[in-house]
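Biologist: Could you walk me through this model, and tell me what stands behind each term you use?

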Amino acid sequence: MIEQFLGLLLALVDQTGLMSITPGNLLMIVVGGVLIYLALAKKYEPFLLIGIGFSCIVANVPGSDLTAPGGLFHYAYSGLEKVIIPPLIFLGVGAMVDFGPMIARPSLMILGAAAHAGIFIAIILAKATGMFTIAEAGAIGIIGGADGPMAIFVTMKLAPHLLPQVAVAAYSYMALMPLIQPPVMKLLTTKAERSIEMTQIRHVTRLEKIVFPFVIAIIVNLLLPPVAPLITMLMLGNLLREVLMVERLAKTVANDLMNVITIILTVAVGSTMAAETFLTFKTLLILGLGLIAFIGGTASGVIGAKMMNWFLKDKINPLLGSAGIASVPIAARVAHVVALKENPYNFIIMHAMGPNLAGVFGTAISGGIMLALLGVK
Amino acid sequence: MEIVPMTVPDTLEGAYVLSVVDFFLSIVIIWAISLVLYLLPYLNKLGDVTDESLKGGH
């Protein structure tokens, strides 16, 4: 009788994950807990880190088939695998963003490209380690684009097995930009440069804002087909916003759809953080290279703005260059806060939004050219 | 001389080539886009589109 009972108990235990939990799983559960702590206690990107942290914990509890093929979380991952989720996020972002500051001052767009040297520094360093293929190096480099959906999009095309590391690095460093960027910005500028006041930007009419998405969608589809799905959806979302006539659709895309997609995205990313794939030396390297990419991008943006000043009569505040790294609107806000510390009457947020929005295109263009050069469609 | 499309080799030199070409082309393309944006204000000569006319059209 007792033997029978113990046998049944053993069979029951076998059904659970208790016997297959590893120290790696326990460590990753702690990592998931840290992400949730950062979200709740430090308020670092709670919309992303809560979902990622929770599903990271669940993915490391053996037993259920939630993350296995056929499991619910696996279907969320399929949305990334088939590259459906990142364009939908861009649709929502497009409906939320006013491109007016960028249209008003196109000369600052160049900073959206200048602030992406970090991508290439990371690619070269990743390849120099001898541990990554050039496709993997490209996926690591795009972390420096400071654009989550674009990082996921390019990584899924170049090195899908690196998705958890790249996504975690990209979103973590974006959340930490208020800590990462200011020391670099201060190191490369003088107090006088940081105090430069910008002239008022012109008013952008409704007609210009409506034509803008068509112009960009045509240019990107023509010149950069690999990233056309992302930018096309970004422009569609923006068109819905700017025509004013379909407010219901614009609001749905910017709010409800965006929220649903965010939940699916975070579950998908977190569920890939299983110990056996995440706990490697390569992960540490990727996190380090991602940080270098962010620092390099911030530095090159500031240097680019200073170089522009060699040719400009009305000097621009070089802090605007750091906003070119993308990560809308965090980078623009960081530039604004650093400028305010030097001069409490210097409000550069709207000026910084121009290069900041151009940074989204800068990342997309860099990613598109990279995919094309590596022969990926 | 026939020029055939090729991809970047999987070497450190390939990474240098990829980086230089990508960075240079990114600057050129974004500069070209900015030039196109300079033309947008000329659209306003075609007429005025007011927010009220758009909101009232649905």
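Modeller: What follows is a talk about helix packing, two loops and the contact between two chains.

Modeller: This is a predicted model, where local features need pLDDT of at least 70, side-chain atom pairs count only at pLDDT 80 or more, and totals for chains, interfaces and linings use all residues. Residues are numbered from 1 along each chain as its sequence is written, chains are lettered from A and ligands numbered from 1 in the order written, and side-chain values use heavy atoms, leaving out hydrogens and water.

Biologist: Why are H12(A) and H20(A) called oblique to each other?

Modeller: Helices here are DSSP runs of H or I with at least four residues, numbered from the N terminus. The axes of H12 (residues 177-188) and H20 (residues 330-342) of chain A come within 10 Å and cross at roughly 50 degrees. Such axes are lines fitted to C-alpha atoms over the stretch in contact, with angles from 0 to 180 degrees between N-to-C directions. Under 35 degrees counts as roughly parallel, over 145 as roughly antiparallel, 65 to 115 as roughly perpendicular, and the rest as oblique. The pair is therefore oblique.

Biologist: What makes up the contact of H12(A) with H20(A)?

Modeller: Contact means heavy atoms within 4.5 Å. On the H12(A) side are A:Met177, A:Pro178, A:Gln181, A:Pro182, A:Met185 and A:Lys186, and they meet A:Ile330, A:Ala331, A:Val334, A:Ala335 and A:Val338 of H20(A). By class, that contact has 9 nonpolar, 1 polar and 1 charged residues. Ala, Val, Leu, Ile, Met, Phe, Trp, Tyr, Cys and Pro count as nonpolar, Asp, Glu, Lys and Arg as charged, and the others, Gly among them, as polar.

Biologist: How is H20(A) placed against H21(A)?

Modeller: H20(A) packs with H21 (residues 349-373) of chain A at about 140 degrees, their axes 8 Å apart. That angle makes H20(A) oblique to H21(A). In their contact, H20(A) gives A:Ile330, A:Ala331, A:Ala332, A:Arg333, A:Ala335 and A:His336, while H21(A) gives A:Ile349, A:Ala352, A:Met353 and A:Asn356. These residues divide into 7 nonpolar, 2 polar and 1 charged.

Biologist: Which loop holds A:Pro329, and what is the peptide bond before A:Pro329 like?

Modeller: A:Pro329 is in the loop between H19 (319-323) and H20 of chain A. The bond from A:Val328 to A:Pro329 is cis, with omega near -5 degrees.

Biologist: What is notable about phi of A:Lys43?

Modeller: Phi of A:Lys43 is near 60 degrees, a positive value in a residue other than glycine. A:Lys43 lies in the loop between H2 (23-41) and H3 (46-59) of chain A.

Biologist: How many residues of chain A and chain B are in contact, and what area is buried?

Modeller: In chain A 44 residues touch 36 residues of chain B. The buried area is about 3600 Å², with carbon and sulfur atoms giving 80%. Buried area is the accessible area (1.4 Å probe) that two parts lose on being put together, summed over both. A:Leu207, A:Met245 and A:Leu373 lose the most in chain A, together 17% of what that side buries.

Biologist: What makes the pairing of A:Lys127 and B:Asp10 a salt bridge?

Modeller: The rule asks for a side-chain nitrogen of Lys or Arg within 4 Å of a carboxyl oxygen of Asp or Glu. A:Lys127 and B:Asp10 meet at 2.7 Å, N to O, and make a salt bridge. Across the interface, the rule finds 2 salt bridges.

Note on methods
Helices (H or I, at least four residues) and strands (E, at least two) are DSSP runs, numbered from the N terminus.
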